[in-house]
Amino acid sequence: MLQKVSGFIQSHALCQPESKILAAVSGGIDSVVLCEVLHKLKYTFAIAHCNFGLRAEDAEADQVFVRKLAKKYDVPFFTENFNTKAFAEQEKLSIQMAARTLRYQWFEQVREQEGYDYIATAHHSNDTTETILLHLTKGTGIAGLHGIPAKNGNIIRPMLSVTKDDIFEFVTERKLIWREDVSNETTKYQRNKIRHELIPILKEINPNLEETMQHTAERVSHAESIVAAYIDNLRSQSIKEAEDATYISLVPLQNATGLPVVLHELLRPFNFSYSVVLELVEALEGISGKQFDSPTHTLVKDRDQLVITPRNLSSFGSIVINEGDTQVEAGNLYFNIKYIDGDKYKLNTKQHIAALDAEQLKFPLKLRGWQEGDWFVPLGMNGKKKISDFLIDKKVPANLKSQTLVLVSDQSIAWIVNQRLDNRFKVTDKTQKVVEISLERR
């Protein structure tokens, strides 16, 4: 087994012989074997143990056991107690997800503070099998079929090439002692149900199930790299980041192979589910304006592009600008205000800057979202125009329309923010004092 683990570490370039490793040790059979393997392979390592406060006296006994294990190997020992239930309730997570979040955050904290190169976990090939089956049962893309990666940033899994049978044989041969977690036997947890009820049936069909799954995971991982390169190429051609939104051009995607999968990957950072992506693909040939929502973003199909904006970006109500204010904040928007003598002012015509004749303004000014019925006199014109018509003429996508702000002086709109100034408030050669308001996004 030592030779198998050593070969796996080298073939996957998990670490170097001189690397300092922080071993995640629960006290169970797998992590006890991890410690013995690292010791026999002469790696410099320390032990980190989490007490999640979920098993009362058993958890305390595990902590004592792992502390003694560190003394046995004469290595540094780090431990932390967590109130996992309270964290799970606060963050609305399952107990298992809460524990996972807490332990990996803490492991990384210890690794950085104490100067270790990697965090090693005791996952083995049976864990890969369980993970793939769990993902398949719940539904997954290609990323869910590569199982557990051998290396993920600073986290390494040196024992992925060995099976649970290998581990039992190793502890028997070396007379190792470990702590048994009774929760591993209950089938109320989904992973345990797969482990104890499903896998024995599958092994009747394929006795080498773990080895087969490991090979499948490796092949899928290589295929995933090919797909990722293809999608990255399309991403570079189609995505444009702007201050107000993310734009995805549909032109480079017209002949894309596997469009639903491609779009799902492109939209993954915005948390759109695959089912929503399938609806989107069906709508691509339809009229513009159809809207789709994820928990965090809104997407609108706008002619030959998709426009994506964060949800509730401008839900800050109205903001007052008093005379003399130099900066106001509205959500993620910052408005800088300057007061300049007219004869010293050099006119700036950029859209994100409004140069206003102070004499025409009535403070306090107000920043708010535009409303139906709002109108203004566009710069360079004498007649009124409804803002709704102006936005339609400008072909502003629906989700950007909802975020459009206006600057109001008394009852008059002086500026459609980042779009167009009102002609009644423009700076002229008779202007004595200029109020310049510039928009900044952070």
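This short talk covers two helices and three strands near each other in the numbering of a predicted model.

Some ground rules. Residues count from 1 along each chain as its sequence is written, and side-chain values use heavy atoms, without hydrogens or water. Local features need pLDDT of at least 70, side-chain atom pairs count only at pLDDT 80 or more, and totals for chains, interfaces and linings use all residues. Helices (H or I, at least four residues) and strands (E, at least two) are DSSP runs, numbered from the N terminus.

Helices to begin. α10 spans residues 259-267 and α11 spans 274-283. Their axes, lines fitted to C-alpha atoms over the stretch in contact, make angles from 0 to 180 degrees between N-to-C directions. Here they come within 9 Å and cross at roughly 120 degrees. α10 and α11 are therefore oblique, meaning not under 35, over 145 or from 65 to 115 degrees.

Who touches whom? Contact means heavy atoms within 4.5 Å. From α10 come L259, P260, V261, L263, H264 and L267; α11 offers Y274, V277, L278, L280 and V281.

Now burial, which means under 20% relative accessible area (1.4 Å probe, protein chains only). In α10, L259, V262, L263, H264, L266 and L267 are buried. Their cover includes α11 and strand β10 (297-302).

On to β10. Six of its six residues are buried, so the rest of the structure largely encloses β10. H297, L299 and K301 point one way, T298, V300 and D302 the other.

Strands pair if DSSP finds at least two bridges between them. β10 pairs antiparallel with β9 over three bridges, and with β11 over six. F292 stands opposite L299. D302 has Q305 as its bridge partner in β11.

Note on methods: Buried means under 20% relative accessible area, exposed over 50%, partly exposed in between (1.4 Å probe, protein chains only).
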